[in-house]
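Work through the exercises below with the sequence and the coordinates at hand. Each task is followed by a stepwise solution.

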Amino acid sequence: MSSPHRTTLITTPTFARHSPDPWTLLADGGAGPVRPYDDRAVPHEELLERIAGADALIAGMDPVTAEVMDAAPRLKVIAKHGVGTDTIDVAAARDRGIPVVCAPGSNSRAVAEFTFGLVLDAARRISASHTAVTEGRWPKLFGPELHGRTLGVVGFGRIGRLVAGYARAFGMHVLAHDPYVPDDAVTAADAEPAALDALLARADVVTLHLPPAGQPLLDAARLAAMKPGAILVNAARGGLVDDTALAAALHSGHLAAAALDAFAVEPLPDHHVLRTAPRLTLTSHMAACTPEANRAMGLMVAEDVLRVLAGESPHHAAR
């Protein structure tokens, strides 16, 4: 679709890790894919040098700032190898006439399945038992059955609705809060609409499925307002939860357990307050890591890169 002799710089080490198809699509489309490293992202200073010759950029968690764009006089398109574009200065790209694309929905099922896995892990203390057994202990750890409990889903988009479906299969009642989803749509999905504070007060388990916010959605006051003994799961974005307040709620026993796959700073720093919090499962932002999602994500962004380079409108432009 595009003319030959174009270069696509790929800075995320997970691009097309489980399928050659996205690489083939770019190469056959004349977009010369280049990834400097197989196992790590491109360091920022090196990114500023390498992007000078790039017509397209496929980025992961790299901050794509105005400085990066200004170092790339040939840059025609920026693609986020992911669902959200929070690491890209979309406004700066728009000012420079550079389209930004992403891969919405490509990892929804992967994230939803992982989220419910964290729910099960936190409720039944599976990881805690594994750690104890490997350390030579043999505890009988008790945790609640999910049947008959209430799940509060905060953010009722693709992922939230899938999680709600899994919860209903376990016999849970589902509350949903999303200011952008009409109540009748929530009801049609077999969930009960609820204001955020009411949801937090009633739910036995709360899962978050929201884009990043400027400040924690669940601050100390909202964590304190959660139902005593509740479980919190966040496989969405870091920064949605006040880490210090969450650690305090776990230490005090106000929350029974929590499980997190996303953090404000990644990797999680040494001596971080969450590392010593009890009854907490921590994973390395891996909810989207399935071969199926990886292939779909790579193909979606590769196709849109080629469309833009060919002078066509992308299918999945960032808003």
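**Exercise 1.** Which strands does helix 7 lie across, and at about what angle does helix 7 run to strand 6?

Solution. The model is a predicted one. Step 1: locate helix 7 at residues 158-169. Step 2: list the strands under it, namely strand 6, strand 7 and strand 9. Step 3: take the angle to strand 6, which is about 175°.

**Exercise 2.** Work out the strand order of the open sheet and name its edge strands.

Solution. Step 1: the sheet has seven strands, ordered 8-7-6-9-10-11-12, and the pairing is parallel. Step 2: strand 8 (192-193) and strand 12 (280-282) each pair on one side only, which makes them the edges. Step 3: for one pair inside this order, strand 6 (residues 150-154) meets strand 7 (residues 173-177) through five bridges in the parallel sense. One of the bridge partners is H173 in strand 7, matched with T150.

**Exercise 3.** Find the strands that helix 5 lies across.

Solution. Step 1: helix 5 covers residues 108-124. Step 2: the strands are strand 9 (205-208), strand 10 (230-234), strand 11 (255-260) and strand 12. Step 3: relative to strand 10, helix 5 runs at about 145°.

**Exercise 4.** Check the length of helix 12 against its expected span.

Solution. Step 1: helix 12 (residues 291-309) has 19 residues. Step 2: at 1.5 Å a residue, these should span 27 Å. Step 3: the end C-alpha atoms are 27 Å apart, so the two values agree. After helix 12 comes G311, with a positive phi near 85°.

Methods. Residues are numbered from 1 along each chain as its sequence is written. This is a predicted model: local features need pLDDT of at least 70, side-chain atom pairs count only at pLDDT 80 or more; totals for chains, interfaces and linings use all residues. Side-chain values use heavy atoms; hydrogens and water are left out. Two strands pair if DSSP finds at least two bridges between them. Helices (H or I, at least four residues) and strands (E, at least two) are DSSP runs, numbered from the N terminus. Contact means heavy atoms within 4.5 Å. Axes are lines fitted to C-alpha atoms, for helices over the stretch in contact, and angles run from 0 to 180 degrees between N-to-C directions. The expected span of a helix is 1.5 Å times one less than its number of residues.
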